[in-house]
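User: I'd like to know what stands behind the labels people put on a model like this one. Can you take me through the reasoning?

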Amino acid sequence: MRPLPEQTIMVTGATDGLGRHLAGELVRAGVTVLAHGRDRARLDRLCEDLAAEPGRVETLLADLADLHQVDRLADEVLKRFDRLDVLLNNAGVGFGEPGSVRELSADGVELRFAVNYLAGYHLTRRLLPLLEASAPARVVNVASAGQAPIDFDDPMIDHGYAGVLAYRRSKLAQVMFTFDLAEELRAARVTVNALHPATFMDTSMVRLSGREPVSTLEEGAAATYRLVTAPDLDEVTGRYFDRTREARADGQAYDRDARARLRELTGEILGRVLPASA
């Protein structure tokens with residue numbers, strides 16, 4: 001792994017599960033971690049727990065289910081910090097409890113699509129100038145091996161809703177965005193990759209779904225930490241990894257027409273919710 005001190009790494013969803021574990025590992029390595037969460041008390045506890053470590057924690061409060069708060073989050077990062085070496089889009093919503101009903105975000109968007117994909121898309125787009133100014137830099141998207149093709153005739157799953165399906169479509173959307181952005185930034189020295197960190201890690205998200213953990217947090221954290229820090233990945237971009245191995249995503253991720261339709265859908269939603277971003 002490359003020496004990490006002096007780097008600034010933003011971790012969304014840093015107060016629980018994989019994000020919290022990674023924030024701790026990075027601060028112990030001497031990094032300045034921009035720790036995002038939606039609960040002030042949890043962010044304060046994270047700071048207290050890591051206060052004695054060699055790195056530094058800077059906290060950022062926002063609910064990613066509200067695109068206006070995502071916008072304010074980006075504004076805050078751009079105002080407070082003059083560099084960003086890595087953006088780790090980790091925050092997400094899982095399957096939900098068995099039999100859970102369809103939920104909408106504050107903006108009227110299907111919740112899992114909104115948090116798992118749309119928030120990370122918009123945040124990344126807003127922070128690109130800072131990432132490019134800090135290059136070489138990285139964007140790492142925590143996706144999943146659980147992926148399902150998007151039905152563009154019913155992208156918000158108004159019919160036949162299931163939490164598992166919504167989650168899997170949102171994670172595929174994340175991978176599709178990864179591939180698009182990697183192509184766009186190929187000359188900018190900003191790499192963009194996605195990974196499935198581990199299967200059913202021992203997290204509150206997995207336990208809420210009623211599933212038994214299969215993997216440890218440490219396994220998922222090791223795979224993600226590698227994408228964030230490994231020098232042999234300095235020029236690797238536009239890839240999807242299953243843990244530490246490059247893998248093939250769902251076939252729709254390689255369909256340029258489908259990716260174009262996703263971009264169009266994304267632009268429509270952002271244009272409706274945040275007209276100035278369109």
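User: Which residues touch the most other members of the largest nonpolar core?

Analyst: This is a predicted model, by the way. In its largest nonpolar core, which has 59 residues, M10, V77 and F113 touch the most other members. Elements giving at least two residues each include α3 (67-80), β5 (137-142) and α8 (256-273), and α4 contributes the most, 13 residues.

User: What makes F113 a contact partner of other residues?

Analyst: The cut-off is heavy atoms within 4.5 Å. Leaving out residues up to four places away in sequence, F113 touches L118, M156, S170, A173, L262, L265 and I269. There's also a second, separate core of 31 residues, with L43, L195, V228 and A230 among them.

User: Why is the chain called as compact as a globular protein of that length?

Analyst: Set the two values side by side: the radius of gyration is 17 Å, and the globule rule gives 19 Å for 278 residues, which is close, so the label holds. The chain has 8 helices and 8 strands, and its C-alpha atoms fill a box of roughly 50 × 40 × 35 Å along the principal axes.

User: What share of the residues is buried?

Analyst: Buried means under 20% relative accessible area, and 58% of the 278 residues make that cut.

User: How do the residues lining the second largest pocket divide?

Analyst: They come out as 3 nonpolar, 2 polar and 4 charged. The lining includes P136, R186, R189, D234 and E235, and the pocket's volume is about 160 Å³.

Technical notes. Residues numbered from 1 in each chain as written. Predicted model: local features only at pLDDT ≥ 70, side-chain atom pairs only at ≥ 80, totals over all residues. Heavy atoms only, no water. Core = buried A, V, L, I, M, F, W, Y, C linked by side-chain atoms within 4.5 Å. Buried < 20%, exposed > 50% of the residue type's maximum accessible area, 1.4 Å probe, protein only. Helix = DSSP H or I, 4+ residues; strand = E, 2+ residues; numbered from the N terminus. 1 Å grid on protein atoms, 1.4 Å probe; cavity = no way out; pocket = protein on both sides within 12 Å on 5 of 7 lines; lining within 4 Å. Points joined across faces, edges and corners; volume = space filled by probe spheres on them. Nonpolar A, V, L, I, M, F, W, Y, C, P; charged D, E, K, R; others polar. Rg over C-alpha atoms; globule rule 2.2 N^0.38 Å.
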